[in-house]
Amino acid sequence: MATFLFDKIIFGPVHSRRLGISLGVNLLLPTAKLCNFDCIYCECGWNGDHRGGSFNTKEDVLFALQSKLSEMALEGELPNYITFAGNGEPTMHPNFLEIIDGTIALRNSVAPLAKIAVLTNATMIDREDVRAALLKIDRPILKFDSAIQSTVELINQPAKKRTVDQTIELLKLFGGQIIIQTMFIRGCYKGVTYDNTTPQEVAAWLDAIKEIAPREVMLYSIDRDTPDSGVRKVSREELEQIAKRVEALGITAWVSEFLRKFNSILGIKQKVLYKGCEVQIKLSFQIFA
Ligand code: SF4
């Protein structure tokens, strides 16, 4: 399937009616994917197809961000969001805390109204420095796709072995200051069917959400090609039904535009690569206008 990697440290800006102007930060080198999950739905593709990669240095990341923010300031168009996403798991960067500190300093001096978000798979939150970094930003968005161990192992394929109960205990350490993101999908992988929207899955997941007590839950499904072709999308209506059950717990829940926004960036780029073009496109366009 047509998956791909980000080729720059900074991507965007992307405009959306609801979220304003967003800038993305990719900590991985252009040809690399580095993640300790290997999700069957990952739009960057399988880990095995992009081995040998490494992280951009802290200095390069902060220089690229500073340059972009300065350029945007000159144009009078500062971002509303600076979001860490990209070719893999950002919290695996050895200098993640320092990068967050540097980003906060840049944000405060150049774009004080911008919110900082990190999309993470939550595998590194057993590290105190990673938890500290996530607690410093405005929107720490942590992945929790299922409360059933066999489902996590099938759809996320974690390299780092941890039980769901251990993950829940770690997520509780944030004292309700995090946002949980859950990818809802169904399909068949290596002859095993999965569906994290079944009554049993949703009941276990809701119990976990209640225990973790995040400040928000973001629900989404696939929008683009996935490395395994057997992954099936869950409809917006089904996601909204699950979101209502989260709201009934007194927790804000929404079917995510925020995550779909980045998927849209991927989709545009994917089309260009598919045509075999070398053209650099400027990722500045209206997505949800
Ligand atoms: S955690 Fe994110 S980057 Fe890592 S494999 Fe899953 S979707 Fe891809």
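Two strands count as paired here if DSSP finds at least two bridges between them. With that in hand, look at the small set of strands β8, β7 and β10: these 3 strands form an open sheet in the order β8-β7-β10, and the pairing is antiparallel. The strands at the edges are β8 and β10 (231-233), each of which pairs on one side only. On average, neighbouring strands of this sheet are turned by 10° against each other, direction ignored. Keep in mind as you look around that this is a predicted model.

Let's stay with β7 for a moment. The strands β7 and β8 run antiparallel and are joined by 4 bridges. If you want a spot to find on screen, try Gly187, which stands opposite Tyr194 in β8. Another residue to pick out is Ile185, found in strand β7 (residues 185-189). Is Ile185 buried or exposed? Ile185 is buried, because 23 other C-beta atoms lie within 10 Å, and the cut-off for being buried is 20 or more. As for who those neighbours might be, Ile185 touches Tyr41, Ile155, Asn196, Ser221, Ile222, Val231, Arg232 and Val234, leaving aside residues up to four places away in sequence. Ser235 is worth a look too: 50 residues separate Ile185 and Ser235 along the chain, yet their C-alpha atoms are separated by 9.4 Å.

Just past β7 comes a loop. Lys190 lies in the loop between β7 and β8 (192-195), and the phi of Lys190 is near 50°, a positive value in a residue other than glycine. Lys190 is exposed, because it has 8 other C-beta atoms within 10 Å, and 12 or fewer is the cut-off for that label.

Now step back and take in the whole chain. The protein chain has 8 helices and 11 strands. Of its 289 residues, 43% count as buried. Contacts in the protein chain with a separation of 6 or more come to 75% from residues 24 or more positions apart.

Next, go to β6, which has partners on either hand. Strand β5 (residues 139-143) and β6 pair in the parallel sense over 3 bridges, with Ile141 standing opposite Ile179 in β6. Strand β9 (residues 216-220) also pairs with β6 in the parallel sense, this time over 5 bridges. Here the bridge partner of Gln181 is Met218 in β9. In general, strands of a sheet pair through backbone hydrogen bonds, either parallel or antiparallel.

How many residues of strand β6 (residues 179-183) are buried? The count is 5 of 5, so the strand is mostly covered. Both faces of β6 are covered: one side has Ile179, Gln181 and Met183, the other has Ile180 and Thr182, and all are buried.

Walk back a little way along the chain and the picture changes. Gln177 lies in the loop between α5 and β6. Gln177 counts as exposed because it has 12 C-beta neighbours inside 10 Å. Gln177 touches Leu135 and Arg215, not counting residues up to four places away in sequence. Gln177 and Ile141 are 36 residues apart in sequence and 9.9 Å apart in space, C-alpha to C-alpha.

Another loop residue is Gln157, which lies between α4 (149-155) and α5 (164-172). Gln157 has a positive phi of about 45° although it is not a glycine. With 17 other C-beta atoms within 10 Å, Gln157 is partly exposed.

What about the inside of the protein? The largest nonpolar core has 72 residues, and Val25, Ile180, Val217 and Leu219 touch the most other members. Ile180 you have already met as a buried residue of β6. Val25, for its part, touches Ile9, Ile10, Val61, Leu65, Ile82, Thr83, Phe84 and Gly86, not counting residues up to four places away in sequence.

There is also a backbone detail to spot in strand β1 (residues 10-16), where Pro13 is found. The peptide bond from Gly12 to Pro13 is cis, with omega near 10°.

Finally, turn to the ligand. Which residues surround the ligand? They are Cys35, Phe37, Asp38, Cys39, Cys42, Cys44, Gly88, Glu89 and Asn121. This shell divides into 5 nonpolar, 2 polar and 2 charged residues.

Note on methods:
Residues are numbered from 1 along each chain as its sequence is written. This is a predicted model: local features need pLDDT of at least 70, side-chain atom pairs count only at pLDDT 80 or more; totals for chains, interfaces and linings use all residues. A nonpolar core is a set of buried Ala, Val, Leu, Ile, Met, Phe, Trp, Tyr and Cys residues joined through C-beta atoms within 7 Å. Two residues are in contact if their C-beta atoms, placed from the backbone, lie within 7 Å. A residue is near a molecule or strand if its C-beta atom, placed from the backbone, lies within 6 Å of it. Ala, Val, Leu, Ile, Met, Phe, Trp, Tyr, Cys and Pro count as nonpolar, Asp, Glu, Lys and Arg as charged, and the others, Gly among them, as polar. Helices (H or I, at least four residues) and strands (E, at least two) are DSSP runs, numbered from the N terminus. Axes are lines fitted to C-alpha atoms, for helices over the stretch in contact, and angles run from 0 to 180 degrees between N-to-C directions.
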